[in-house]
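Colleague: I am new to this structure. Please take one part, the salt bridges, and go through it closely for me.

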Amino acid sequence: MPGPVADGHGLRELGAVLTDTDAGLLTAAVAVLGWHRAGGYCPRCGLASRPRADGWARVCPNGHEEFPRTDPAVIVLVHDGADRMVLGRQPSWAPGRYSVLAGFVEAGESLEATVVREVAEEVGIQVGEVRYLGSQPWPFPRSLMVGFSAVADPAAPLRPRDGEIEDARWVDRATVRRVLAAGGQADGIGLPPSVSIARRMIEGWAAAG
């Protein structure tokens with residue numbers, strides 16, 4: 001471990017000081033333990049289930065076996081194809097905290113279709129040129145974050161979804177670089193922690209162009 005860690009910290013804090021291997025192990029542990037806490041009963045017959053296979057499965061008295069679930073979600077860096085990108089914030093976040101947009105995949109929906117739908121729902125704009133960037137397991141509660149970029153017209157007005165997005169704005173690359181150079185907090189903008197795929201997507205976009 002490359003640095004001291006105080007007791008009582010969560011994955012968001014610990015991830016930044018762990019190696020990739022250790023962070024992956026901690027992510028898996030958080031996800032599987034969370035699944036056990038929420039999955040004590042068989043979804044098929046309702047009987048109490050018990051762990052098996054070293055915790056990687058649960059089985060009920062009827063022999064129904066269940067495995068940890070992963071819910072896919074998209075996370076999207078919307079940009080204008082030049083030097084501006086969209087940052088938004090949820091009402092529940094700390095003051096000044098901004099990030100890229102994200103949302104869960106619905107049944108029967110492709111990842112690309114989710115990108116288009118989620119951006120339209122969250123900030124009211126249409127996107128195209130959807131491109132895959134990377135992915136990250138994120139056990140809050142049991143997600144796989146699949147990262148994309150998408151292009152939108154900066155002249156289209158942003159219309160944050162009431163109750164879900166408190167604020168959304170176009171931010172230029174120079175501002176994003178300045179916030180990153182200050183450690184992720186400057187100009188009234190606080191970016192996601194360095195352990196998150198959101199931060200890595202923002203850093204990659206800022207370094208380009």
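**The salt-bridge network**

Modeller: A network of salt bridges links Glu106, Glu109, Arg117, Glu118, Glu121, Arg161 and Glu164. The model is a predicted one. Side chains of opposite charge can pair when their charged atoms come close.

Take the pair Arg117 and Glu109 from this network: their side chains form a salt bridge with N and O 2.7 Å apart. Buried means under 20% relative accessible area. Arg117 has 16%, so Arg117 is buried. Glu109 also counts as buried, because its relative accessibility is 19%.

Another pair of network members is Arg161 and Glu164, joined by a salt bridge whose closest N and O atoms are 3.4 Å apart. Here the relative accessibility of Arg161 is 36%, so Arg161 counts as partly exposed. Glu164 is partly exposed as well, with a relative accessible area of 28%.

A further salt bridge joins Arg169 and Asp167, with 2.9 Å between the closest N and O atoms. Arg169 counts as partly exposed at 31% relative accessibility, and Asp167 is partly exposed at 22%.

For the setting, the whole structure holds 15 salt bridges. The chain carries 21 positive and 25 negative side chains, and the centres of these two sets are 3 Å apart. Of its 209 residues, 41% count as buried. The chain contains 5 helices and 11 strands, and its C-alpha atoms fill a box of roughly 60 × 45 × 30 Å along the principal axes.

How values were computed
Residues are numbered from 1 along each chain as its sequence is written. This is a predicted model: local features need pLDDT of at least 70, side-chain atom pairs count only at pLDDT 80 or more; totals for chains, interfaces and linings use all residues. Side-chain values use heavy atoms; hydrogens and water are left out. Helices (H or I, at least four residues) and strands (E, at least two) are DSSP runs, numbered from the N terminus. Buried means under 20% relative accessible area, exposed over 50%, partly exposed in between (1.4 Å probe, protein chains only). Lys and Arg count as positive and Asp and Glu as negative; His and the chain ends are not counted. The place of a charge is taken as NZ of Lys, CZ of Arg, CG of Asp or CD of Glu. A salt bridge is a side-chain nitrogen of Lys or Arg within 4 Å of a carboxyl oxygen of Asp or Glu.
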